[in-house]
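Load the model in your viewer, switch to a cartoon view and keep the selection box handy. We'll go from stop to stop, picking something and looking at what is there.

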Amino acid sequence: MSAMSEAELLALLRGLDDPERLEWPLKYDRTAVGLAFGGLVRRMEKDFGVPCESEQDTQDSSEYGRVRVPAEATVCGTRIVVCVSKFGSLAEVCADNPGAFLGTEEARAEGALDATDLATVERALAELGYVSVPEELLESDYEGPSALGQVAARPTWWVRFFGTL
């Protein structure tokens, strides 16, 4: 599947946004999401040749979990973090941590993220059925029906699909 355009990604985010269900979607299958996440962890470990830390089933959050590729396994020596949402197999790839850079483009420009490493992660996500949403888009202002004003001073799409609620 080819990468989605920004307009297609925004349409997907709006389609997944249910103001009645902030933490997980209506037909959320925790077991299936956990199995898929386990597959992602194994794939990252295989592709980078090292054990990867992970945390999953995050409480009070719309984020399901994170996989961390250790810094020593990356070309630039900066860890790669993959965040997975409980909504629609959404995923985000970050250098170091979410918010450490304005996104993967800035991380690449600053020498913290190698294009080959990023492509390895993006390919794995696509092959495993995840939709990778750029951090730059997730950090844009949230424009949806959910009441996020009490959760964040500046609601973003990241807050909606990966944040603590």
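Which residue in β2 is the bridge partner of Glu55? Select Glu55 and look across to β2: the partner is Arg66. Keep in mind as you go that this is a predicted model.

**Stop 1: the whole chain**

Zoom out before going further. The protein has six helices and five strands, and from the N terminus they come in the order α-α-β-β-β-β-α-α-β-α-α. The C-alpha trace spans about 40 × 35 × 30 Å along its principal axes. A compact globule of 165 residues would have a radius of gyration near 15 Å, and the protein agrees because its own value is 15 Å. Colour by burial if your viewer can do that: 45% of the 165 residues are buried. Of the contacts with a separation of 6 or more, 57% are between residues 24 or more positions apart.

**Stop 2: the sheet**

Now show just the strands. You should see an open sheet of five, ordered β1-β2-β3-β4-β5, with mixed pairing. Its edge strands are β1 and β5, each of which pairs on one side only.

**Stop 3: β1 and β2**

Select residues 53–56 for β1 and 63–69 for β2; four bridges pair these two strands in the antiparallel sense. They form a hairpin with six residues between the strands, where Asp57 has a positive phi near 60°. Move on to Asp60, also in the loop between β1 and β2. Asp60 is not a glycine, yet its phi is positive, at about 55°. Is Asp60 buried, partly exposed or exposed? Asp60 counts as partly exposed because its relative accessibility is 46%, and the partly exposed class runs from 20% to 50%.

**Stop 4: across to β3**

Keep β2 and add β3, residues 80–85. Six bridges join β2 to β3, and the two run antiparallel. To find one of these pairings, click on Val69, whose bridge partner in β3 is Ile80.

**Stop 5: β4**

Next, select residues 90–95, which is β4; six of its six residues are buried. Turn on the side chains: Leu90, Glu92 and Cys94 point one way, while Ala91, Val93 and Ala95 point the other way. Note that Glu92 is buried along with the rest of them.

How many bridges join β3 to β4? There are five, and the strands run antiparallel. Cys83 stands opposite Glu92 here. The two strands make a hairpin with four residues between them, and Gly88 in the turn has a positive phi of about 55°. Ser89 is in that loop between β3 and β4 too. Its phi is positive as well, about 55°, although Ser89 is not a glycine. At 35% relative accessibility, Ser89 counts as partly exposed.

Over on the other neighbour, β5 (residues 131–132) pairs with β4 in the parallel sense over two bridges. Select Ala91 and you'll find Ser132 as its bridge partner in β5.

**Stop 6: α2 and α4**

Bring the helices back. Helix α2 lies across β1, β2 and β3, running at about 10° to β2. Select α2 as residues 30–48 and α4 as residues 115–127: they pack at an angle of about 145°, with axes 10 Å apart. The crossing of α2 past α4 is right-handed. Show side chains where they touch: α2 brings Leu40, Arg43, Met44, Asp47 and Phe48, and α4 brings Asp117, Thr120, Val121, Arg123, Ala124, Leu125 and Glu127. Coloured by class, this contact has six nonpolar, one polar and five charged residues.

**Stop 7: Ala112**

For the last pick, go to Ala112, in the loop between α3 (104–109) and α4. Buried or exposed? Ala112 counts as buried, because its relative accessibility is 8% and the cut-off for buried is under 20%. Leaving out neighbours within four places in sequence, Ala112 is in contact with Cys76, Thr78, Ala95, Phe101 and Ala107. You've already met Ala95, in β4. Finally, draw a distance from the C-alpha of Ala112 to that of Thr74: these residues are 38 apart in sequence and 9.5 Å apart in space.

Note on methods:
Residues are numbered from 1 along each chain as its sequence is written. This is a predicted model: local features need pLDDT of at least 70, side-chain atom pairs count only at pLDDT 80 or more; totals for chains, interfaces and linings use all residues. Side-chain values use heavy atoms; hydrogens and water are left out. Buried means under 20% relative accessible area, exposed over 50%, partly exposed in between (1.4 Å probe, protein chains only). Two strands pair if DSSP finds at least two bridges between them. Axes are lines fitted to C-alpha atoms, for helices over the stretch in contact, and angles run from 0 to 180 degrees between N-to-C directions. A crossing is left-handed if the near helix is turned anticlockwise from the far one by less than a right angle, and right-handed if clockwise. Contact means heavy atoms within 4.5 Å. Ala, Val, Leu, Ile, Met, Phe, Trp, Tyr, Cys and Pro count as nonpolar, Asp, Glu, Lys and Arg as charged, and the others, Gly among them, as polar. The radius of gyration is taken over C-alpha atoms; the globule rule is 2.2 Å times the number of residues to the power 0.38.
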